[in-house]
Amino acid sequence: MPKTKQILEVPDFITVRQLAELMGASPIEVMKELITNGIMASINQQIDFDTAAIVLDSLGYEARPHEAPETEVVQKETTQQWRQFYAGQSSAVLQPRPPVVTVLGHVDHGKTSLLDVIRQTNVQEGEAGGITQHIGASQVKHGDRLITFLDTPGHEAFTAMRARGAQGADIAILVVAADDGVMPTTREALAHVQAAQVPVVVALNKIDKPNANQERAKMQLSDLGLRSDEWGGDTMIVPVSAKTKQGIDDLLEAVLLVAETADIRANPNGKAAGTVLEGRMEHTRGVVATLLVQNGTLKTGDVVVVGVSQGRIKRMFDHRGVAIQEAPPSTPVSVMGLDQPPHAGEIFEVVDTVKIARSIADERKAQIAFDAIVPPVVVTLEDIFKRFQAGEAKELLLILKVDVDGSLDPVKNEIQDLSVEDLKVRILHADVGAITENDVNLASASGAVIIGFNSRPDSAAARVAEGVGVDIRTYSVIYKLKESVELAMRGLLDPVYEDKRIGLAEVRRIIRVPRIGNIAGLYVLEGIIRRNSKARVLRVGKVLAENVTISSLKRFEDDVREVRTGFECGISLDGFHDYEEGDKIEFLVREKVN
């Protein structure tokens with residue numbers, strides 16, 4: 001006798017997460033079943049009753065229509081709420097907190113040496129090659145005020161944190177050596193800081209060296225938009241020497257002055273939330289995470305969720321390794337108790353119970369699984385006007401790379417004046433050289449489009465851009481570049497597509513199958529064959545068929561999605577069966593071009 005299916009009452013519309021909870025199943029199971037039925041749905045996406053019924057039937061349940069009663073929405077202090085925490089808060093709730101400072105600059109301009117002097121510790125000698133190898137944090141006291149310093153390995157990590165939604169620092173110290181002046185890495189670091197809209201204090205280091213030229217360095221900084229307050233600008237440029245300790249007090253005073261102007265505040269009595277600086281596994285202590293508290297007060301015993309990690313804090317230590325029971329805003333702490341190491345830049349938040357923390361972590365795991373299937377959303381030139389009309393964008397953010405220095409200013413001038421009504425063009429970063437992975441990371445974190453003028457992405461940059469969804473446009477004629485941006489600003493730029501060959505194979509064998517037709521046994525000569533690509537059949541250089549759909553792709557008896565160079569496979573093409581041994585088959589995909 002067949003087993004009676006359990007009946008579940010389902011409303012007209014239900015989210016994937018709610019359907020999973022109804023069955024007591026994982027959201028991943030529901031998403032997999034939907035994908036099997038050709039439906040791509042995220043964890044918070046609604047599906048109708050009929051679709052839910054199909055999923056339930058596949059998993060051993062029966063659906064019955066039901067008008068779902070109104071459910072109480074549990075309000076959690078989400079990341080977005082935390083980032084917008086100040087909105088609507090009274091001045092009595094918000095209290096001043098120590099500023100959080102990040103130190104950036106060229107690789108050998110003395111970032112770590114400067115921090116070493118500020119903290120009066122000997123950090124640099126313990127680091128391989130004198131280059132910072134980890135992410136940490138420390139607090140120093142200047143007068144009666146505290147300052148929290150982030151010891152980041154560079155602006156790449158700074159931007160990686162922003163890409164995950166974190167705003168780790170309130171103020172950036174840009175270190176520039178007085179003997180070297182502004183270097184390409186200095187410009188890159190500044191671009192990342194400006195994209196984050198973080199105020200900058202310049203530490204003009206190495207003023208003790210005989211060849212130091214402070215005026216030249218100030219002039220170079222002025223060209224970057226960092227005009228000294230001594231010259232009527234709004235940037236504090238402080239001459240310092242990490243070697244002689246000259247100017248260190250002045251630098252700390254400048255940081256506190258900027259902090260006062262920025263009015264840095266938090267609510268120490270709210271639920272704690274902040275940013276992960278580091279996560280690791282230690283043999284003796286298990287999972288250890290370094291957290292920067294940015295709102296509320298974190299306490300031992302609090303339940304924390306961060307990314308897909310969660311747990312109750314068992315022990316907590318300050319930056320000196322001293323055990324503490326609570327950490328107010330702007331305090332860096334190491335904590336024990338999470339179930340797995342979190343990633344730097346993720347946001348942590350305190351929730352009421354372990355059950356809630358596990359539920360949130362499970363949802364995020366399911367969302368990550370879904371995101372791995374669905375290609376990333378790309379901010380492109382074509383859609384900028386639509387996003388502006390929808391209220392999602394107020395400016396077109398560009399990163400510009402050119403081949404030679406003489407082209408930089410002319411190209412910048414051509415595109416900076418292309419603003420249309422309330423939609424503005426803003427160049428986040430402009431420099432000479434190839435498009436690098438660092439440029440892609442900045443674009444990803446900021447939602448920018450990369451423009452290359454006689455400059456192309458290197459292989460690493462192209463690979464990362466495809467993975468994270470960054471639009472890279474390259475031009476060799478300046479009027480074409482200007483025309484594309486101008487049309488995009490007016491919503492008139494249409495995408496152009498062309499076929500790109502991704503693989504080439506040779507017919508080595510022909511298999512005749514009754515009622516189906518011929519199947520070609522192929523050897524992949526180069527590239528890759530993908531199941532969703534189109535085929536072009538060639539015989540002695542002559543095209544026999546093109547834009548042909550692949551109806552079947554097999555390795556032995558198994559259906560496969562792709563076959564790579566050096567492997568054999570069997571293929572059936574829709575509508576073409578007249579193969580001969582020695583025929584070549586090209587495999588193509590449609591790609592958008594400028």
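Contact here means heavy atoms within 4.5 Å. Keep that in mind as you work through this predicted model.

**Exercise 1.** Work out whether helix H5 (residues 111-119) is largely enclosed, and what covers it.

*Solution.* Start with the cut-off: a residue is buried if its relative accessible area is under 20%. Go along H5 and you'll find these buried residues: Lys-111, Thr-112, Leu-114, Leu-115, Asp-116, Val-117, Ile-118 and Arg-119. That's eight of the nine, so H5 is largely enclosed by the rest of the structure. Now look at what covers the buried residues: the cover includes strands S6 (100-105), S7 (136-142), S8 (145-151), S9 and S10, plus helix H9 (248-262). Just past the helix comes Gln-120, with a positive phi near 55°.

**Exercise 2.** Take strand S10 (residues 200-205) and find which way its residues point, and whether they are buried or exposed.

*Solution.* Sort the residues by direction. Val-200, Val-202 and Leu-204 point one way, while Val-201, Ala-203 and Asn-205 point the other way. Next, check burial on each side: all of them are buried. With six of six residues buried, S10 is largely enclosed by the rest of the structure.

**Exercise 3.** Find the strands that pair with S10, and trace how the chain gets from one to the next.

*Solution.* Begin with S9 (residues 171-177), which runs parallel to S10 and is joined to it by six bridges. Ala-177 sits opposite Asn-205 there. Between S9 and S10 the chain passes through helix H7 (residues 184-195), a right-handed β-α-β crossover. Then turn to S11 (residues 236-239), parallel to S10 over four bridges. Here Val-201 has Met-236 as its bridge partner. The route from S10 to S11 goes through helix H8 (residues 214-223), and this β-α-β crossover is right-handed.

Conventions:
Residues are numbered from 1 along each chain as its sequence is written. This is a predicted model: local features need pLDDT of at least 70, side-chain atom pairs count only at pLDDT 80 or more; totals for chains, interfaces and linings use all residues. Side-chain values use heavy atoms; hydrogens and water are left out. Buried means under 20% relative accessible area, exposed over 50%, partly exposed in between (1.4 Å probe, protein chains only). Helices (H or I, at least four residues) and strands (E, at least two) are DSSP runs, numbered from the N terminus. Two strands pair if DSSP finds at least two bridges between them. A crossover is right-handed if, with the strands pointing away from the viewer, the path from the first strand over the helix to the second runs clockwise.
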